[in-house]
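Dear colleague,

I am passing the structure below on to you. My notes on the contacts between protein and DNA follow it.

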There are 2 protein chains.
Amino acid sequence: MARLKDIARAAGVSIATVSNVVNGTKTATPAVQRRVLSAIERLGYLPDLHARTLRTGASRSLGLVIPDLTNPYFPALVQAIETTARELGFVLIVMDAGNDGERETEALTLLASYRVAGVVWVPVEHERSLDWPYPIVTVDRMVPGCDTVVADHVQGGTLIGRHALALGHRRIGLLSGPRALPSAADRRSAFLATVAGHAEIAWEIPVPFSSDLPRAALQRLADPDCSLVVCANDAVAVGVLRAARDAGLRVPDDLSVIGFDDVPWADFVEPGLTTVRQPLAALGRNAVTTLHARIADPERPLHRETLPVTLVERRSAAPVAPYPRGDRP
Amino acid sequence: MARLKDIARAAGVSIATVSNVVNGTKTATPAVQRRVLSAIERLGYLPDLHARTLRTGASRSLGLVIPDLTNPYFPALVQAIETTARELGFVLIVMDAGNDGERETEALTLLASYRVAGVVWVPVEHERSLDWPYPIVTVDRMVPGCDTVVADHVQGGTLIGRHALALGHRRIGLLSGPRALPSAADRRSAFLATVAGHAEIAWEIPVPFSSDLPRAALQRLADPDCSLVVCANDAVAVGVLRAARDAGLRVPDDLSVIGFDDVPWADFVEPGLTTVRQPLAALGRNAVTTLHARIADPERPLHRETLPVTLVERRSAAPVAPYPRGDRP
DNA sequence: AACGACAGGTTAAACGTTTAACCGTCCTGG
DNA sequence: CCAGGACGGTTAAACGTTTAACCTGTCGTT
């Protein structure tokens, strides 16, 4: 592993000169340039980024802290983040918090020790003290004092509401997500607001983000008493698909189902899930570009960006049946 | 951001002493110890890992290069790798090659510049020149001169073969994966070897790892002329599920299907996929522990480890029907 | 012809650590 | 009572860079 020193010696020139041609900081005589470059080629020089960072104080690495890589929501996000980070000349240090607040703060401090230039943070739960020595941009969660990029969850809720109405559903069941989660709460209330006055909420049951539905939900689903159930999540929607099958209901003929997230396999289940897609790639890309901007100018005004979501219609939600269930001719 | 210097001044002691109590390198008087620790607490000292690495030459970071994070196979693997890396006191720099050999070598050289202590590598395709300045452990792919951790694909093929036989299938269709991929080739030949003499291969069509089956496969599936089709992949298996539905065949009554990988949603499709599960977590964990061992002792003998896989039986593969299709009473 | 500007190069300091070498002091054992 | 550790601490060098300051010659202008 050749160092600046070795190149300098091989090219018969000083260390500083080599550094200058490497970085293009100062111009050099063509002859010298040639000698240096050839020496670099010959000896295989790669700059030591640690030394560089130490000297300049400007680290070329970013941190990423996420709750749980295993969540189908994340891989596409992480991929976008890593790709654009690298395009911008940064390297990405990834840390999985394992859905644990304590491990999350450990991760954040370790990143501080690593002198990252900034971090992209998807907080596991509630905000914690925020005096970190680097700029932070949060994704999908607002944290006071941080730049933020979020999907437009209220638009998502609205879209679902409109679609439900357009399909003619008038009695709707609701499997809503954790009330404490702002994004879930946003789409719930937006949905409620758009259907208010046009449709009736037959029932609402709060559920965790999982395909294993709680007993209460299962019982409801055995005789749903509504034509559509809108779910907190695609995972939950899959649970509903199963429960419906077990109860002998046909989706979407007897019961329509709408999810949220558009996980990669939303098109693989039977029937394909109607759901709303978050712009994961754009979310990731914009997160790191705003982080980059903040690094360049720490004084710039707070930047909060919300990206539009899209309804993707598949087969799990259909127009309401012309005849009530059981009375079919 | 307090440095050693600041702590030293605040505690009225030399830099070296602070360094020593931080690292426990040398013992200090209780009084001094207390003063240093309290200063650290007060000023919030965090060691600069770049400086540390520069001085000691021992980097505390590992690299990870993977073909495509978006592949459902990877998240669990990456999570395990990151977790155990951190347990061992390392930080993980993740790079997605985007299934592109060129970006892959870029990633590898960037990691060299970063002076990582070692790299976990899942090669995108074929091996390339291997004179990297750090130790490498490959996952799921053998590369000459590298430590390796792989899943036992021949066992996987054997397991599938035995299961097929046990279910009584005697005519089998094969949707085999890319022949160039050693793992796919391994399980194919192992499967073939175990069923040889007991069952007949009705047909074999090579397909890419995707749910969008090529026309040839679709045609075959319209009238499969066999009781079981074994697929290169869970993705492929899902494609078969669809094609079967479109052709009016019922799985598993009319046709059994077996996949490979046990992707997270293998249990969500209808019917749940019978498939074989790779020990992703163990693969990841062992990859970094062997990397760790190699870092500690560069001279240790090459380590190649193959981990057992398990057959997971769900509903997509059933005992062969007692009556040939169409002749059911 | 004198001068300044400039281009091309070097020297040395600095970034924040670790660590070898060194230096008192105090204790212990012969 | 003295030699010699052990102990607790300091000084300074080194890791591989970047960069300010400096030096030296060349060239274009007056």
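**Protein contacts to the two DNA strands**

A backbone N or O atom of Asp48(A) lies 3.4 Å from a phosphate oxygen of DNA strand D. Please keep in mind that this is a predicted model. Two contacts to phosphate oxygens of DNA strand D come from chain B. A polar side-chain atom of Thr17(B) is placed 2.3 Å from one such oxygen, and a polar backbone atom of Thr29(B) is 2.8 Å from a phosphate oxygen of DNA strand D.

The elements that contribute two or more residues to the surface near DNA strand D are helix H2 (15–23) and helix H4 (49–56) of chain A, together with helix H2 (15–23) and helix H4 (49–56) of chain B. H2(A) provides the largest share of that surface, with five residues.

In total, 27 residues surround DNA strand D. The closest are Arg52(A) and Arg55(A) from chain A, and Thr17(B), Lys26(B) and Val32(B) from chain B. Of the atoms of DNA strand D that come within 4 Å of the protein, 64% belong to sugar and phosphate. Sorted by class, the residues of the surface near DNA strand D are 12 nonpolar, eight polar and seven charged.

Now to DNA strand C. There are 27 residues around DNA strand C, and those that come nearest are Thr17(A), Lys26(A), Thr27(A), Ser19(B) and Arg55(B). Sugar or phosphate makes up 66% of the atoms of DNA strand C within 4 Å of the protein, and bases make up the rest.

Which residues place a polar side-chain atom 2.6 Å from a phosphate oxygen of DNA strand C? Ser19(B) does so, and Arg52(B) does as well. From chain A, Thr29(A) has a polar backbone atom 2.8 Å from a phosphate oxygen of DNA strand C.

The surface near DNA strand C receives at least two residues from each of H2 and H4 of chain A and H2 and H4 of chain B. H2(B) gives the most, with five residues. The class counts for the surface near DNA strand C are 12 nonpolar, eight polar and seven charged residues.

To put the two strands side by side: H2(A) gives the largest share of the surface near DNA strand D, while H2(B) gives the most to the surface near DNA strand C. As for Thr29, the backbone of Thr29(B) supplies a polar atom 2.8 Å from a phosphate oxygen of DNA strand D, and the backbone of Thr29(A) supplies one 2.8 Å from a phosphate oxygen of DNA strand C.

Regards

Note on methods. Residues numbered from 1 in each chain as written. Chains lettered and ligands numbered in written order. Predicted model: local features only at pLDDT ≥ 70, side-chain atom pairs only at ≥ 80, totals over all residues. Heavy atoms only, no water. Near = heavy atom within 4 Å. Polar contact = N/O pair within 3.5 Å; in protein donor to acceptor, adjacent residues only side chain to side chain. Helix = DSSP H or I, 4+ residues; strand = E, 2+ residues; numbered from the N terminus. Nonpolar A, V, L, I, M, F, W, Y, C, P; charged D, E, K, R; others polar.
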